[in-house]
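Me: I've just opened this chain and could use a second pair of eyes. Could you take one part of it and go through it slowly with me?

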Amino acid sequence: MPVITIVGSGMMGSALAFPARENGNEVRLVGTPLDREIIDACIATGRHPKFDRDFPAGLKYYQIEDLNEALSGADAVIGGVSSFGVEWFGEKVLPVIPEGLPVLTVTKGLMDLPDGTLVTYPHIWQEKLDSLGKKLSLCAVGGPCTSYELVAHDQTEVTFCGKDGEALRYFKKLMATDYYHVSLSYDVVGVESAVALKNGYALAIALTVGLNQKAFGIDSPLHFNSQAAVFGQSVREMQKLLDYQGAGDLNNLALGAGDLYVTVYGGRTRLIGVLLGRGLDIDRAKEELSGVTLESLVVAERVARAIRAASARGVLDPADFPLLMHVDDILTKKAPVDIPWEAFTYGIN
């Protein structure tokens with residue numbers, strides 16, 4: 001029986017325990033230093049405190065001090081940390097994973113370099129491994145998948161990406177089920193960038209929900225024209241950013257657009273966008289969602305900063321990204337929400 005060790009018991013890492021265990025693998029779920037209460041709850045109840053379904057029988061749970069025990073004899077590792085755990089995972093986990101194991105990460109996000117280059121988290125972790133002289137096959141998962149829907153066994157399509165075809169096929173064998181469908185790709189930059197970019201743009205679409213609630217009342221019917229218009233502009237801007245990174249394959253855009261769609265309809269990014277659209281500034285909105293991690297804010301700010309840096313080199317024009325630059329103004333300058341509709345026009349003018 002293959003052994004899969006999942007490091008990070010957040011919602012997505014924990015959700016992946018369902019297809020992993022239901023495929024007949026031994027699954028070990030390890031909490032980060034911030035997950036102690038989650039692991040305690042799992043041990044006591046057999047259920048993640050934010051899920052409404054028990055884990056499959058036979059899961060094993062570990063606190064972080066037992067990481068080495070959880071890795072002993074493992075055949076594969078899944079990194080389940082949020083983007084705020086990227087450095088911790090690189091410094092504390094990658095060095096102790098046994099040589100040669102394949103690693104699949106769920107962490108979404110991009111880092112911006114001073115010249116405006118955007119790099120993926122697998123790239124950052126590969127640099128760490130190279131500095132250690134260590135070989136692990138790094139893979140990543142992207143696509144329209146929310147943790148609670150995966151736990152509910154809703155039909156889900158994702159893509160595993162990486163440079164090692166053997167490792168990708170092995171992870172697909174371990175994880176694919178009749179409800180968790182897996183495609184494979186060698187285009188790490190394309191897949192990872194598409195599903196990271198969607199966070200900033202999902203926030204932008206959610207602004208329109210808040211604007212309509214402000215205009216018509218919180219309990220008013222949803223209005224979809226404005227959401228659809230911002231969705232369309234989001235996809236256009238995402239395509240330009242993928243082209244900039246050399247990853248303009250339409251398969252990547254479709255993956256990112258699908259992930260954008262599901263993110264708009266639920267979760268933390270929708271909440272913060274709605275609050276901003278209602279008229280709260282970013283500080284008050286964060287207070288309203290105290291204790292909630294907001295990766296979308298980080299992605300939006302980093303990408304906007306990269307666009308400005310690339311513009312200084314004459315490579316990108318911020319005018320091509322009116323939606324994202326407005327989101328950045330809302331987050332960094334506390335500008336009021338005022339969707340730049342006229343800047344979205346395209347075709348004949």
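What I'd like is a close look at the open sheet, with strand 1 as the starting point.

Reply: Happy to. One thing before we start: this is a predicted model, in which local features need pLDDT of at least 70 and side-chain atom pairs count only at pLDDT 80 or more, while totals for chains, interfaces and linings use all residues. Residues are numbered from 1 along each chain as its sequence is written, and side-chain values use heavy atoms, with hydrogens and water left out.

Let's take the whole sheet to begin with. It is an open one, built from eight strands in the order 3-2-1-4-5-8-9-10, and the pairing is mixed. Strands here are DSSP runs of E with at least two residues, helices are runs of H or I with at least four, and both are numbered from the N terminus; two strands pair if DSSP finds at least two bridges between them. At the edges sit strand 3 (60-62) and strand 10 (180-185), each pairing on one side only. On average, neighbouring strands are turned by 25 degrees against each other, direction ignored (axes are lines fitted to C-alpha atoms, for helices over the stretch in contact, and angles run from 0 to 180 degrees between N-to-C directions).

Now strand 1 itself, residues 3-7. Five of its five residues are buried, so the strand is largely enclosed by the rest of the structure; buried means under 20% relative accessible area, exposed over 50% and partly exposed in between, using a 1.4 Å probe and protein chains only. In a regular strand, side chains alternate between the two faces of the sheet. Here both faces are covered: Val3, Thr5 and Val7 are buried on one side, Ile4 and Ile6 on the other.

Strand 1 has a partner on either hand. With strand 2 (residues 26-30) it pairs in the parallel sense over five bridges, and Val3 stands opposite Glu26 there. With strand 4 (residues 76-79) the pairing is parallel too, over four bridges. Across that pairing, Thr5 faces Val77 and Ile6 faces Ile78.

Go outward past strand 2 and you get to the edge. Strand 2 and strand 3 pair in the parallel sense over three bridges, with Tyr61 as the bridge partner of Leu29. Helix 3 (residues 36-45) packs on the sheet here, touching strand 2 and strand 3, and its direction makes about 150 degrees with that of strand 3 (a contact is heavy atoms within 4.5 Å).

Go the other way and strand 4 looks much like strand 1 as far as cover goes: Ala76 and Ile78 on one side and Val77 and Gly79 on the other are all buried. Strand 4 then pairs with strand 5 (residues 102-105), again in the parallel sense, over three bridges. Ile78 stands opposite Leu104 in that pairing.

Gly13 is worth a stop as well. This glycine belongs to helix 1 (residues 11-15), and at 0% relative accessibility it counts as buried. Leaving aside residues up to four places away in sequence, Gly13 touches Ile6, Gly8 and Gly80, so to speak a link back to strand 1 through Ile6. Its C-alpha atom is separated by 9.2 Å from that of Thr107, a residue 94 places away along the chain.

Last, how does this fit with the packing elsewhere? Nonpolar side chains in soluble globular proteins tend to be buried together. A nonpolar core here is a set of buried Ala, Val, Leu, Ile, Met, Phe, Trp, Tyr and Cys residues joined through side-chain atoms within 4.5 Å. The largest one has 48 residues, and Tyr201, Leu207, Leu260, Ile272, Leu276, Val303 and Ile307 touch the most other members. Several helices supply at least two residues each, including helix 10 (225-244) and helix 14 (295-312), while helix 9 gives the most, with nine. Apart from that core lies another, of 35 residues, and this is where the sheet comes back in: among its members are Ile6, Leu29, Ile39 and Ala76. You've met three of those already: Ile6 is on a buried face of strand 1, Leu29 pairs with Tyr61 and Ala76 is buried in strand 4.
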